[in-house]
Protein chains: 2
Amino acid sequence: MKISSRFTIAVHILLLISIERNTRCTSEYIADSVNTNPVIIRKVMGKLKNAGMIIIHRGPGGAELLKPLVQITLLDIYRAVEVVEEGELFQIHNDPNPNCAVGANIQGVLELILLKAQDAMETILDEVTMEELVTVFSKKIG
Amino acid sequence: MKISSRFTIAVHILLLISIERNTRCTSEYIADSVNTNPVIIRKVMGKLKNAGMIIIHRGPGGAELLKPLVQITLLDIYRAVEVVEEGELFQIHNDPNPNCAVGANIQGVLELILLKAQDAMETILDEVTMEELVTVFSKKIG
DNA sequence: TGTAGTTGTAACTGTTTTGGTTACAACTAA
DNA sequence: TTAGTTGTAACCAAAACAGTTACAACTACA
């Protein structure tokens with residue numbers, strides 16, 4: 001099981017838009033950097049648009065940020081591309097036998113712990129902003 | 001995307017074996033409590049056996065714990081049933097364009113953060129032992 | 001020594017997700 | 001008007017998941 005690469009592709013897209021301000025970032029241009037199909041890029045960008053992060057220009061193509069980089073965390077992107085449903089990282093087996101002491105109580109007991117685990121993971125994502133990522137990249141690129 | 005219910009099924013199995021010490025926990029008996037097919041149970045139990053957590057009796061059926069409950073954490077079980085590969089919770093898109101500044105560096109930068117996020121999640125699982133879970137259940141059951 | 005009951009495993013099914021592709025209508029700046 | 005782009009539908013192949021049937025191999029016990 002892996003969390004879909006839609007998430008890292010979305011980060012890639014936002015980085016390109018943020019760093020290459022002078023380039024018209026069309027789906028084709030971005031697809032070449034990500035190394036995938038332009039349609040994949042358009043689908044992901046559509047989700048970023050729905051989340052209010054970017055505006056996409058239809059005729060001439062390209063996109064721009066709608067929010068300051070500091071206000072976009074990795075968690076925001078993760079949510080925007082819907083790679084993991086809220087509170088449902090772990091699939092708990094459904095319909096355990098309610099006539100069994102274990103079956104009747106396991107869902108409630110595990111849910112608490114598993115939500116906590118998911119939350120710990122998502123908190124790390126929430127602590128990283130696109131601002132920080134762009135800074136790291138700017139230094140690398142020089 | 002969801003982490004396979006193999007994980008919570010494995011916890012369910014270990015709880016049954018731990019709590020119903022006087023019952024011969026065959027795959028059929030357990031399947032009735034989990035509410036699934038006995039073959040599913042046998043497959044998961046096979047993994048718990050491979051991890052050295054239980055011993056399974058072939059002829060008469062049933063299984064017993066091989067480790068003290070304190071020495072089995074939820075992380076141990078999660079690893080035993082192989083629901084998420086080590087350090088690969090997040091799928092990073094492969095082959096980004098190395099001729100692009102973003103494409104050439106994104107993997108390295110993201111990997112660090114995503115490993116940290118995965119680790120935070122798994123740490124929570126590591127903090128819960130089967131001993132604690134059994135205690136919670138014993139109180140509920142009374 | 002049979003035999004009943006159980007495990008281990010192979011082989012198959014249907015469903016969902018993922019990543020990718022082709023095709024094309026709708027849009028817009030030049 | 002048109003060239004280039006977006007948005008979307010409609011596919012495809014591969015993998016993962018959960019489930020099921022079938023059956024050989026095993027073992028306690030009558």
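Q: A polar contact is a pair of N or O atoms within 3.5 Å; why is A:Asn37 said to make one with DNA strand C?
A: In this predicted model, a polar side-chain atom of A:Asn37 lies 3.3 Å from a phosphate oxygen of DNA strand C. The limit is 3.5 Å, and the pair therefore counts as a polar contact.

Q: What makes B:Arg42 a polar contact partner of DNA strand C, and which kind of strand atom is involved?
A: The partner on DNA strand C is a base oxygen, 2.8 Å from a polar side-chain atom of B:Arg42. That value is within 3.5 Å, so the pair meets the rule.

Q: How do you know that a backbone atom of A:Gly59 takes part as well, and at which strands?
A: At DNA strand C, a polar backbone atom of A:Gly59 is 3.5 Å from a sugar or linking oxygen. At DNA strand D, a polar backbone atom of A:Gly59 is 3.2 Å from a base nitrogen. The cut-off is within 3.5 Å, so both pairs are counted.

Q: Which further atoms of DNA strand D are in polar contact with A:Gly62 and B:Asn37, and at what distances?
A: Phosphate oxygens of DNA strand D are the partners in these pairs. A backbone N or O atom of A:Gly62 lies 3.3 Å away, and a polar side-chain atom of B:Asn37 lies 3.4 Å away. Each value falls within 3.5 Å, and each pair therefore qualifies.

Q: What makes a residue part of the surface near DNA strand C, and which residues come nearest?
A: A residue is included if one of its heavy atoms lies within 4 Å of the strand. There are 26 such residues, and A:Ser4, A:Ser5, A:Thr36, B:Ser27 and B:Arg58 come nearest. Of the atoms of DNA strand C within 4 Å of the protein, 59% belong to sugar and phosphate.

Q: Which helices supply the surface near DNA strand C, and how do its residues divide by class?
A: Helix 3 (38-50) of chain A and helix 3 (38-50) of chain B each supply at least two residues. Helix 3 of chain B gives the most, with four residues. By class, this surface has seven nonpolar, 11 polar and eight charged residues.

Q: Which residues are closest to DNA strand D, and which helix gives the largest share of the surface there?
A: Among the 26 residues around DNA strand D, the closest are A:Ser27, A:Arg58, B:Ser4, B:Ser5 and B:Thr36. Helix 3 of chain A provides the largest share of that surface, four residues.

Q: Why is the pair B:Glu88 and A:Lys2 called a salt bridge?
A: The N to O distance between the two side chains is 3.1 Å. A side-chain nitrogen of Lys within 4 Å of a carboxyl oxygen of Glu satisfies the rule, and the pair is therefore a salt bridge. Across the interface of chain A and chain B, the rule finds two salt bridges.

Q: How many residue pairs are in polar contact across that interface, and which elements of chain A touch chain B?
A: The rule finds 17 residue pairs in polar contact. On the side of chain A that touches chain B, the elements giving two or more residues include helix 1 (6-19), helix 2 (27-34) and helix 5 (101-126). Helix 5 of chain A gives the most, with 16 residues. By class, this side has 35 nonpolar, 13 polar and eight charged residues.

Q: What is the area buried between chain A and chain B, and how many residues does the contact take from each?
A: The buried area is about 4,700 Å², of which carbon and sulfur atoms give 73%. The contact takes 56 residues from chain A and 56 residues from chain B.

Terms used:
Residues are numbered from 1 along each chain as its sequence is written. Chains are lettered from A and ligands numbered from 1 in the order in which they are written. This is a predicted model: local features need pLDDT of at least 70, side-chain atom pairs count only at pLDDT 80 or more; totals for chains, interfaces and linings use all residues. Side-chain values use heavy atoms; hydrogens and water are left out. A polar contact is a pair of N or O atoms within 3.5 Å; within protein, one must be able to donate a hydrogen and the other to accept it, and residues adjacent in sequence count only if both atoms are side-chain atoms. Ala, Val, Leu, Ile, Met, Phe, Trp, Tyr, Cys and Pro count as nonpolar, Asp, Glu, Lys and Arg as charged, and the others, Gly among them, as polar. Contact means heavy atoms within 4.5 Å. Buried area is the accessible area (1.4 Å probe) that two parts lose on being put together, summed over both.
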